[in-house]
Amino acid sequence: MINNLQKNLSAQGYLIVKNVLDYNRDLKPVLNDMEFVMDCLIQKHAKKKEIKKILNLDFKKKYSYVSTLKIDDLDQYFNTRLPRDHVKKDSDYFATQSLWNLITNKNILDVVEKILGKEIMSNPVQNTRIKQPEKKLPRESINDGLSGRTPWHQDAAVLNTKGQKLTDMVTVWIPFTKTTKRNGCMITVKKINKMGLLNHISGYKGQVELKNSELLDKMEYIYLEADVGDLILLHKHSIHCSLPNRSNDFRISADLRYNVAGQPSGREPLPNFYVRSKYKKNIKIQNFKQWLMLWEKAKEKCIPRKYAFKYPLPTFKTTKRDLSRLI
Ligand SMILES: O=C(O)CCC(=O)C(=O)O
């Protein structure tokens with residue numbers, strides 16, 4: 001039987017599910033781990049005489065300081081996955097106990113089960129994003145989706161070709177701070193997922209961007225504002241982007257994804273593992289350390305390659321799948 005959540009998500013392309021998570025139990029531990037990463041970076045990169053003072057700053061001031069240290073690929077230290085290319089032995093990624101707890105959170109999986117059914121895998125297309133006020137960003141970060149604005153895209157477009165065709169995936173977007181129009185919430189257009197997968201182009205720094213996205217400027221947006229504790233769900237064909245953070249405060253989020261078990265993840269060889277099953281007798285990955293081992297094994301595989309994973313842009317042979325032909 002199709003339930004309402006699934007019906008509504010495929011009907012309008014997005015859903016906001018209220019009060020699923022508890023800040024202190026589910027979210028604050030992730031922020032604490034981010035702060036631990038900052039402390040490590042400060043110990044390593046800050047001037048010796050400044051270290052003690054900086055370690056006593058609060059989360060935001062500390063992060064602002066860390067972002068002035070000119071650390072190469074800083075966002076990667078706070079991101080949930082391996083970098084897309086040139087993975088090295090010491091490539092860092094943010095895989096912590098708190099994040100494992102979030103990925104396998106019962107309340108999240110109860111929601112996901114209503115969308116995908118009872119056989120669910122964690123999909124490795126996942127990010128954590130710390131966004132400072134845009135006015136504090138260096139120019140090259142303003143259009144970088146991890147630290148600044150995210151371009152218009154569909155999530156199915158960041159999967160490889162098999163994934164684009166075969167994977168039923170849902171995006172679970174989790175705010176760690178109240179997310180508003182002013183601090184850079186995501187926006188989408190109601191029912192636009194009904195168009196299916198569209199042609200994309202390679203945008204700023206190779207980010208996947210919808211072709212002809214300027215046409216969306218004339219459409220009526222839905223502002224995906226959310227409170228801490230809520231989840232925003234996105235259909236894999238929902239076209240969305242995020243606004244600039246024009247507030248004076250931080251906007252922090254994680255976007256996790258799940259797919260129906262047995263389908264390709266669309267990001268092989270990154271970890272794709274069961275998080276819930278009604279029928280499978282023994283789920284192999286049961287704890288944080290086993291999860292970490294999956295990432296380390298994936299890393300070994302990726303080191304000799306130029307690209308850890310590739311996602312050929314969905315570019316169909318004709319222009320029939322261009323937004324300009326469909327609106
Ligand atoms: O948080 C953002 O800025 C964008 C997130 C996004 O595009 C996604 O989760 O697919």
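Let me start with Met186, which stands opposite Ser242 in strand S9, and I should say at once that we are looking at a predicted model. The two strands concerned are S4, residues 186-188, and S9, and they run antiparallel, joined by three bridges. They belong to an open sheet of three strands, ordered S7-S4-S9, in which the pairing is antiparallel. At the edges of this sheet are S7, residues 222-224, and S9, each of which pairs on one side only, and from one strand to the next the twist averages 30°.

Met186 and Ser242 also bring us to the ligand, since both are among the residues around it. The others in that shell are Arg129, Gly145, Thr150, Asp155, Thr171, Trp173, His240, Ser253 and Asp255. Sorted by class, the shell has two nonpolar, six polar and three charged residues. Which strands each supply at least two residues of this shell? They are S3, S9, which spans 240-242, and S10.

S3 and S10 take us to the other sheet I want to describe, an open one in which six strands follow the order S1-S8-S3-S10-S2-S11, again with antiparallel pairing. Strand S1, residues 14-17, and strand S11, residues 273-276, stand at the edges with a single partner strand each, so one side of each is left without a neighbour in the sheet. Here the twist averages 35° from one strand to the next. As general background, strands of a sheet pair through backbone hydrogen bonds, either parallel or antiparallel.

If we walk through some of the pairings, S3 and S8 are antiparallel and share four bridges, and within that pairing Thr171, which we met in the ligand shell, has Leu234 of S8 as its bridge partner. Helix H1 packs on this sheet, where it touches S1 and S8, and its direction makes about 135° with that of S1. On the way to S10, seven bridges join S3 to S10 in an antiparallel arrangement, and Val172 has Leu256 in S10 as its bridge partner. S10 then pairs with S2, antiparallel once more, over nine bridges, and here Arg129 stands opposite Ser253 in S10, both of them being residues around the ligand. How much of S10 is buried? Nine of its ten residues are, which makes S10 a mostly covered strand.

Let me turn to helix H6, which covers residues 106-116 and in which Ile108, Val112, Ile115 and Leu116 are buried. Seen down the axis of H6, these buried residues fall within an arc of 75°, so they line one face of the helix. The face turned away from that buried side carries Lys106 and Asp110, which are exposed. What covers the buried residues of H6 includes helix H1, residues 4-12, together with strands S2, S3, S8 and S10. After the helix comes Gly117, with a positive phi near 100°.

I would also like to point out a few places in the loops, beginning with Asn19, which is found between S1 and helix H2. Is Asn19 buried or exposed? Asn19 is exposed, because just 11 other C-beta atoms lie within 10 Å of its own, and the cut-off for exposed is 12 or fewer. Leaving aside residues up to four places away in sequence, Asn19 touches Gly229 and Asp230.

The remaining places concern backbone geometry, and it helps to remember that most residues other than glycine have a negative phi, and most peptide bonds are trans. Asp73, in the loop between helices H4 and H5, has a positive phi near 50°, and with 12 C-beta neighbours inside 10 Å this residue counts as exposed. Lys191, in the loop between S4 and strand S5, likewise has a positive phi, about 70°, but Lys191 is partly exposed, with 15 other C-beta atoms within 10 Å. Finally, the peptide bond from Glu268 to Pro269 is cis, with omega near 10°, and Pro269 sits in the loop between S10 and S11, the latter being one of the edge strands of the six-stranded sheet.

How values were computed. Residues numbered from 1 in each chain as written. Predicted model: local features only at pLDDT ≥ 70, side-chain atom pairs only at ≥ 80, totals over all residues. Buried ≥ 20, exposed ≤ 12 C-beta atoms within 10 Å, placed from the backbone. Arc of directions from axis to C-beta. Contact = placed C-beta atoms within 7 Å. Pairing = 2+ DSSP bridges. Axes fitted to C-alpha atoms, helices over the stretch in contact; angles between N-to-C directions. Near = placed C-beta within 6 Å. Nonpolar A, V, L, I, M, F, W, Y, C, P; charged D, E, K, R; others polar.
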